[in-house]
Amino acid sequence: MPNHIHGIIRIENQDPIDVPQHVYGFETIENSKRPKERRGRRSLLGLIKGFKSVTTRIFLRHYNSYELAALWQASYYDEVIRNEEHYTRVLDYIDQNPMRWADDKYFSH
């Protein structure tokens with residue numbers, strides 16, 4: 001899609017962690033009470049923020065246009081896929097999404 005992307009992030013081989021109620025995704029390992037890890041655990045918010053940051057830097061390196069640098073909206077939509085049936089529906093939606101571009105309110109000929 002020209003105006004948005006879809007993706008599925010799969011988290012594997014991770015043991016559940018206990019997160020104290022006062023620690024939120026935007027806090028860093030350094031200011032939380034959790035023990036430090038080699039790479040640290042990233043929240044989904046941190047992962048998305050990093051993706052947006054890297055892609056914006058790559059864009060600026062190639063196009064050198066700060067007027068166009070606002071590539072991303074501030075928020076994002078997430079959904080937890082809990083079973084195979086749900087996964088199949090989400091995958092089908094993503095697969096079929098480009099064919100619905102002409103129906104998008106931002107579509108122009």
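A helix, as I use the word today, is a DSSP run of at least four residues marked H or I, and helices are numbered from the N terminus. With that settled, take two residues of helix H2: Glu85 and Arg89 both sit in this helix, four residues apart, which is about one turn. I should say at once that this is a predicted model.

Those two residues are paired. Glu85 makes a salt bridge with Arg89, and the closest N and O atoms are 3.3 Å apart. The structure holds one salt bridge, and you have just heard about it. As for accessibility, Glu85 has a relative accessible area of 57%, so Glu85 counts as exposed, the cut-off being over 50%. Arg89 comes out at 49% relative accessibility and therefore counts as partly exposed.

Now the helix itself. H2 covers residues 84-96, which is 13 residues. Does its length come out long, short or as expected? At 1.5 Å a residue the helix should span 18 Å, and the end C-alpha atoms are 18 Å apart, so the two agree. The N-terminal end of H2 is capped by Asn83, which places a side-chain oxygen 3.2 Å from the backbone nitrogen of Glu85. So Glu85 turns up twice: its backbone nitrogen faces the cap, and Glu85 also bridges to Arg89.

One more residue of H2 is His86. Is His86 buried or exposed? Its relative accessibility is 11%, and because buried means under 20%, His86 counts as buried. Apart from neighbours within four places in sequence, His86 is in contact with Glu79, Val80 and Ile81.

Let me step back to the whole chain. There are two helices and zero strands. The chain has 109 residues, and 16% of them count as buried. The exposed area is about 10100 Å², with carbon and sulfur atoms supplying 53% of it. If you take contacts with a separation of 6 or more, 45% of them come from residues 24 or more positions apart.

Next, Tyr76, in the loop between helix H1, residues 44-63, and H2. Which residues does Tyr76 contact, leaving aside neighbours within four places in sequence? They are Leu44, Leu45 and Ile48. With Leu45 there is also a polar approach: a polar atom of the Tyr76 side chain lies 3.5 Å from the backbone nitrogen of Leu45. Tyr76 and Lys49 are 27 residues apart in sequence, with their C-alpha atoms 9.8 Å apart in space. The relative accessible area of Tyr76 is 30%, so this tyrosine is partly exposed.

Tyr76 also belongs to a nonpolar surface patch of about 530 Å², made by Ile9, Ile11, Leu44, Leu45, Leu47 and Tyr76. Two of the leucines deserve a word. Leu44 is in helix H1, and at 34% relative accessible area Leu44 is partly exposed. Leu47 is in H1 as well, and its 33% makes Leu47 partly exposed too. How far apart are Leu47 and Ile9? In sequence they are 38 residues apart, and in space 9.9 Å, C-alpha to C-alpha.

To sum up: H2 has a cap at Asn83 and a salt bridge between Glu85 and Arg89, while Tyr76, from the loop between H1 and H2, contributes to the nonpolar patch. That is what I have.

Notes: Residues numbered from 1 in each chain as written. Predicted model: local features only at pLDDT ≥ 70, side-chain atom pairs only at ≥ 80, totals over all residues. Heavy atoms only, no water. Expected span 1.5 Å × (residues − 1). Polar contact = N/O pair within 3.5 Å; in protein donor to acceptor, adjacent residues only side chain to side chain. Buried < 20%, exposed > 50% of the residue type's maximum accessible area, 1.4 Å probe, protein only. Contact = heavy atoms within 4.5 Å. Areas by Shrake-Rupley, 256 points an atom, 1.4 Å probe, with all protein chains shown as cover. Patch = residues over 30% accessible without salt bridge, like charges linked within 9 Å, V, L, I, M, F, W, Y side chains within 5 Å. Salt bridge = Lys/Arg side-chain N within 4 Å of Asp/Glu carboxyl O.
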